[in-house]
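Here is a friendly walk through the charged side-chain pairs of a two-chain complex and the way its copies are arranged. Please have the model open as you read.

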2 protein chains.
Amino acid sequence: MFNDTFLRACQRDQTNSVPVWFMRQAGRYDADYRAIRKKYSLVEICEHPDVCVEVTKMPVDKLGVDAAILFSDIMIPIGAMGLPFVIKENVGPVIDTPIRHESDLHHLHTFVPEAALPHVLETIRLLKQDLSVPLIGFMGGPFTLASYMIEGGPSRDYLHTKTMMVSRPDMWQQLMDKLSEMIIVYGTAQVKAGASALQIFDSWVGSLAPSDYHQYVLPTMQRIFGALKELDVPLIYFGVNTGELLSTFAETGASVIGVDWRVPLTVARQRVGDNVALQGNFDPAMLFAPQSEIERRAQAILSEGTKAPGFIFNLGHGVKPSTDIAVLRELVAYVHQFRLTC
Amino acid sequence: MFNDTFLRACQRDQTNSVPVWFMRQAGRYDADYRAIRKKYSLVEICEHPDVCVEVTKMPVDKLGVDAAILFSDIMIPIGAMGLPFVIKENVGPVIDTPIRHESDLHHLHTFVPEAALPHVLETIRLLKQDLSVPLIGFMGGPFTLASYMIEGGPSRDYLHTKTMMVSRPDMWQQLMDKLSEMIIVYGTAQVKAGASALQIFDSWVGSLAPSDYHQYVLPTMQRIFGALKELDVPLIYFGVNTGELLSTFAETGASVIGVDWRVPLTVARQRVGDNVALQGNFDPAMLFAPQSEIERRAQAILSEGTKAPGFIFNLGHGVKPSTDIAVLRELVAYVHQFRLTC
């Protein structure tokens, strides 16, 4: 039987229990995943539909989560756009030829998902036949992707990115346009192949002041969500440190907004209004607390989150590799036994 | 003539212009500083009062800022408490023997500033005779110091720190007690030697959820500021990513609260109330924007900041090493020419 609790919560429909999934729910905390990673790199997993299906399904079978998320990386389509990257263990994506000059932009070519990433779409088609829960497709957000492309890797201060943004708004806009085109066609292809929802990981966009987000990113997000809306699937928008951006996020067209642990859900709800669902907001570091403390915190989040329709339990950021799988399994069970009162 | 504009703004008294200084205003952006660092490490500068005086004074002479801040590092007293550290270039403080077990806490000894760091107090006494602007003394905040001591270095997720906090609240409290004792005696010694204000850099405390800040840090901050209040100097409290904590910061007893660029000053003012001054909130990455854009942004901050008494112009975090010194000088001049309307 297909479990549609996650989709119903995204649409702010009534559900019998609160749906739960975890960002990076297929990952290094799981010994079986680590065993597979001894044979395949992250990128190689994505290139082998059979392996990628197996990895994507693992947390559904092992943890009992209410949604699967395609195993992939936000940089995969960037490589396919002609900007080569490597994923360095414990570092993140690294690009040897970052985008700094206008000519660098010209090297980025149009992204055709069926031609560039047929294995990803094949993985989604296989998962669609197989899964008992909805599959979430995903893409990186335009600011976050741009930051890797311009900095050449992870950054603390996004100096080159912000400098291009304000010093060369023409170049910035060209890059935003190229990325939004990619995000739209890639999201469309994922849904057509079988994804039931899309999440945009704009993880680092919270490094922007609200006025800069409004000027340099919001129009691009509106264009992206405006186009993806046609697909009629839930559209989730996520970043960390986004407290002051939440009210603007509600203007992007997202139907679900992710919140990290820094913003209490009641405050988040006030900022985003009543027309979007919320997803979050358990601090992943708190999965190392004693079981009773984890449950106390989950209880507090569930009580706050369910004060209005449309709440999906998740972490405020990805699962840490050193997390105990048993803790995740118990947390899922705890969320599921919580009785909705509204 | 002594320029007391900074102190007057801290006290929310009327001033003729908006005072300005920059976090890390003595630093690698300055070629003369880099030349000194070829001869002395950061810690060695702190150990030589004549050099430390020279470095502390540089930005006052070169940029025209309204306050000097003691050249030092938040880890200096931690070394003096018996936990050795090194400052690794481009990384930060690294501790080979982090605090993980209860026995590790017993190795921390009582900190007596006059005995442990006589050169720091001598530096302050020399500066007091010499400076035409107030000298800001400083200490690390309890969460931020604890995070370096427990993690053994900079961290993205503060996993060990948060785990100790919630799993061993007894150990956490012992550490908070030891740190607050150090912060109080060190702050007191700095003021007695000649510092006219104290800033607590709790830079990473914004990684906590508001409820965790309230439970695990606020009582310690209240104890610290409660004791330091006796000194009758402005007490500044600073961290990044602290938007949701600002209303609680107003309960710490701080007289000035630092805000990064993520929170518009009008919003910050609503959260902290009318009884504290604000300091901030220019995004240091925006110092790489064209001059006209820098001025537009400074103008916006000045207009917002001066809507209520008590505003000090600063960056939302430290000056980046690649910043152009001329840009900083021009920004100081721009802030000084801004005419107060309230």
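The notes below take up confidence, then symmetry, then salt bridges.

**Confidence**

This is a predicted model. Chain A has a mean pLDDT of 97, and 99% of its residues reach 70 or more. For the complex, the predictor gives an ipTM of 0.95 and a pTM of 0.96. As a general reminder, predicted coordinates should not be read in detail where pLDDT is low.

**How the copies are related**

Which operation lays chain A on chain B? A turn of 180° with a shift of 0.0 Å along the axis does it, and the RMSD is 0.0 Å. That relation is the one of a two-fold axis. The same surface serves both copies, as 100% of the contact residues of chain A recur in chain B.

**Salt bridges**

Over all chains, the structure holds 34 salt bridges. Three of the pairs are set out here, with the N to O distance for each.

| Pair | N to O distance |
|---|---|
| A:Lys162 and B:Asp283 | 2.7 Å |
| A:Glu181 and A:Arg223 | 3.7 Å |
| B:Arg262 and B:Asp260 | 2.7 Å |

Let's begin with the side chains of A:Lys162 and B:Asp283, which meet in a salt bridge. This pair crosses between chains: A:Lys162 sits in helix α10 (residues 159–167) of chain A, and B:Asp283 sits in the loop between β8 (277–282) and α16 (291–305) of chain B. Are these two residues buried or exposed? A:Lys162 is buried, with a relative accessible area of 1%. B:Asp283 also counts as buried, because its relative accessibility is 6% and the cut-off for buried is under 20%.

Next comes the salt bridge between the side chains of A:Glu181 and A:Arg223. A:Glu181 belongs to helix α11 (residues 169–193) of chain A and A:Arg223 to helix α13 (residues 218–228) of chain A, so the pair ties together parts that are 42 residues apart in sequence. What about their exposure? A:Glu181 counts as partly exposed at 41% relative accessibility, and A:Arg223 counts as partly exposed at 36%.

In chain B, the side chains of B:Arg262 and B:Asp260 form another salt bridge. Both B:Arg262 and B:Asp260 are buried.

Finally, which residues are linked in a network of salt bridges? A:Asp212, B:Glu293, B:Arg296 and B:Arg297 are, so named residues of both chains take part in this network.

Conventions
Residues are numbered from 1 along each chain as its sequence is written. Chains are lettered from A and ligands numbered from 1 in the order in which they are written. This is a predicted model: local features need pLDDT of at least 70, side-chain atom pairs count only at pLDDT 80 or more; totals for chains, interfaces and linings use all residues. Side-chain values use heavy atoms; hydrogens and water are left out. A salt bridge is a side-chain nitrogen of Lys or Arg within 4 Å of a carboxyl oxygen of Asp or Glu. Helices (H or I, at least four residues) and strands (E, at least two) are DSSP runs, numbered from the N terminus. Buried means under 20% relative accessible area, exposed over 50%, partly exposed in between (1.4 Å probe, protein chains only). Copies are superposed by least squares on the C-alpha atoms of residues with pLDDT of at least 70 in both. Contact means heavy atoms within 4.5 Å. pLDDT is the predictor's confidence in each residue, from 0 to 100.
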